[in-house]
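Trainee: Could you zoom in on the charged side-chain contacts for me, and then on whatever you'd look at next? I'd like the long version.

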Amino acid sequence: MLQILASRGDLVLLRDSVEWEGRSLLKALIREVALKGEQVQVLGCEVSEEVFREGLDSDTNSRLVYHDVFRDPQGWTGNWGPLGILRACLRGAEPGPCTLAVDSLSWLLLHAPCSALCQTLRALGHDNSHPGRVRVLGLLHEDVHGPGPLGALRSLAQIEVTVGGNLGFTTAQVFHPKPRHRSIEQTYWFSILPNFSLEFHKETLLEPRPHRGPQSPTVDAMADLTFNVHLSKKEREARDTLALPFHFSSEKQQSLLHPALASSTSQIFYEPDADDYLDQEDPDDDLDI
Amino acid sequence: MFPELNNLLNVSPDKPEQGKFTLLCDAKTDGGFLVHHFLSFYLKANCKVCFVALLQSFSHYNIVGQKLGVNLIAARDRGQLVFFEGLKSTVEVLFGSKEQPNTLKFIRESSSDLKSLYEFVQKALTPSGDGSATSWKFPVLLVDDLSVLLSLGVEAVAVLDFIQYCRATVCCQLKGNVVALVHDSDQTEDEENAMLMNALGHQSSLILRAEGLVTGFCKDVHGQLKILRRGLLQPKNDEAEQWNTLLKVIEIPCARARI
């Protein structure tokens with residue numbers, strides 16, 4: 001997966017979600033770049049510099065230049081615009097190949113028009129002091145935006161990395177859209193160690209991680225129930241042989257076609273009550289039921 | 001506070017975590033019991049609490065708080081609790097003088113500027129320097145709830161920035177905690193509220209989500225509580241990243257939860 005850092009001048013989108021956060025992967029990639037001796041400019045919009053640097057070794061931190069937007073997102077203490085500070089990240093950078101990590105593109109999308117952000121990102125690669133050699137690692141929260149802004153940024157990106165998970169492990173789905181060629185897509189299973197180094201796993205060797213939950217005493221849910229949830233064998237057989245009341249069986253059909261058979265087995269005896277009023281002038285004898 | 005929830009989160013008033021933003025969500029149920037839990041928890045933990053209450057009156061929280069073992073009147077009188085009663089301030093904004101300063105003046109103005117609300121929080125929780133505030137453990141901001149701000153016409157980005165300013169001051173500078181409740185509006189398909197909830201989720205280190213049962217109302221089980229810890233590289237021992245647990249809230253609004 002680290003070959004995504006091989007090409008300079010690329011926009012690499014790190015797409016994450018609330019459930020699978022991508023900042024740790026961003027820090028891991030920054031560490032890989034810093035290990036090569038390169039300086040990394042970081043535009044920090046969502047976490048403080050202290051939190052971002054936490055866990056990174058001193059060598060990585062010494063090559064990391066943090067541009068802090070987090071403490072003043074609306075510019076109450078100074079006049080600036082979110083895209084202006086994005087462009088300003090490269091001004092103090094060393095000439096030559098440069099890596100810019102944006103944490104996060106989602107924050108910029110919420111504070112600036114999508115079209116302006118796309119134009120700014122495109123223009124970064126044409127910076128005079130870093131012509132075509134600015135690598136941008138952009139963290140993007142895909143569950144915050146609609147399909148329009150996501151699609152616009154995806155069209156600019158040379159590489160997309162989607163952070164997800166399966167079987168309790170973290171995955172990175174890397175997608176290389178290639179115009180006029182077949183796109184390349186590959187999934188990597190990985191872990192991020194406490195020092196933000198990457199450890200890759202082979203999919204075939206993975207076993208599902210057991211669900212880790214709080215230790216709670218096992219409770220028998222079937223205890224103290226006021227109704228029966230089990231059937232004995234005898235009860236099951238009786239239930240299976242029971243004829244449903246509205247099931248139109250052949251026996252019921254015969255009883256309806258030959259009602260005399262049924263009447264021979266049952267009769268209705270009527271004893272008129274002493275208080276019954278029988279109107280002799282309106283008997284029901286004419287009704288042949 | 002609910003001891004069962006403390007056990008699940010592996011915290012106690014004696015050893016609370018610091019510098020964290022906790023997001024409370026509810027969907028198809030009332031997550032207010034979580035607000036009452038954290039209010040009583042941090043008061044018992046001897047923290048300085050600034051409670052921005054936009055949904056209910058002070059007396060409501062006090063009645064529930066007494067059932068959970070805290071006296072909000074006493075906490076307010078000794079300076080431990082700074083209570084912002086949104087309902088009362090709203091009346092003053094709508095029917096008071098326009099020249100009179102008000103923390104919720106954005107209701108009257110067309111802009112979604114929550115700077116005055118942030119300045120109220122900052123003033124309430126920043127130590128005054130006279131030594132009186134140092135007796136509290138650390139500051140805590142509690143907000144009930146952020147969806148009300150959207151209903152009042154504030155833009156979602158302005159709410160996000162307000163929380164970010166509060167995190168920068170309370171969590172990073174003062175090493176305190178921020179706890180905020182937001183409702184999930186999946187039934188109403190409110191895109192702005194959904195964006196706010198997801199964006200706040202990315203800012204948080206702990207998400208507690210109370211959900212009603214998919215099958216509908218049940219007398220014995222009121223819903224389930226999802227707990228999601230974010231930013232864990234390697235969960236320690238039996239600490240889980242995410243798990244579900246069933247809950248029963250007894251005697252709402254007394255809100256004693258059996259989890």
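Mentor: Sure, I'll begin with the salt bridges and then move on to some helices and a loop.

First, the ground rules: this is a predicted model, so local features need pLDDT of at least 70 and side-chain atom pairs count only at pLDDT 80 or more, while totals for chains, interfaces and linings use all residues. Residues are numbered from 1 along each chain as its sequence is written, chains are lettered from A and ligands numbered from 1 in the order in which they are written, and side-chain values use heavy atoms, with hydrogens and water left out.

Over all chains, the count comes to 15 salt bridges (a side-chain nitrogen of Lys or Arg within 4 Å of a carboxyl oxygen of Asp or Glu). Let's start with A:Arg15 and A:Glu160, whose side chains meet in one of these, at 2.8 Å from N to O. A:Arg15 sits in strand β1 (residues 11-16) of chain A and A:Glu160 in strand β6 (residues 159-166) of chain A, so this pair ties together parts that are 145 residues apart in sequence. Strands here are DSSP runs of E, at least two residues, and helices are runs of H or I, at least four, numbered from the N terminus.

Are these two buried or exposed? A:Arg15 has a relative accessible area of 13%, so it is buried, and A:Glu160 is buried too, at 3%. The cut-offs are under 20% relative accessible area for buried, over 50% for exposed, and partly exposed in between (1.4 Å probe, protein chains only). The pair isn't on its own either: A:Arg15 and A:Glu160 are linked with A:Glu142 and A:Arg154 in a network of salt bridges.

Now try A:Arg71, which forms a salt bridge with A:Asp68, with 3.4 Å between the closest N and O atoms. Here A:Arg71 is partly exposed at 42%, and A:Asp68 is partly exposed as well, at 30%. Over in chain B, the side chains of B:Glu211 and B:Arg209 meet in a salt bridge at 2.5 Å, N to O, and both residues are buried.

Next, helix α1 (residues 23-35) of chain A. The helix has 13 residues and reaches 18 Å from its first C-alpha to its last, close to the expected 18 Å (1.5 Å times one less than its number of residues). Helix α1(A) is mostly covered, with 12 of its 13 residues buried. Some of those carry charged side chains, if you browse the list: among the buried residues are A:Arg23, A:Lys27, A:Arg31 and A:Glu32. Also buried in α1(A) are A:Leu25, A:Leu26, A:Leu29, A:Ile30 and A:Val33. Just after the helix, A:Gly37 takes a positive phi of about 90 degrees.

For something out in the open, go to A:Lys234, in helix α8 (residues 233-241) of chain A. A:Lys234 counts as exposed because its relative accessibility is 69%. A:Lys234 and A:Phe269 are 35 residues apart in sequence, and their C-alpha atoms are 39 Å apart in space.

Chain B has a couple of stops too. B:Leu94 is found in helix α5 (residues 86-95) of chain B, and at 54% relative accessible area, this leucine is exposed. B:Glu155 lies in the loop between α7 (146-151) and α8 (156-173) of chain B, and is partly exposed at 47%.
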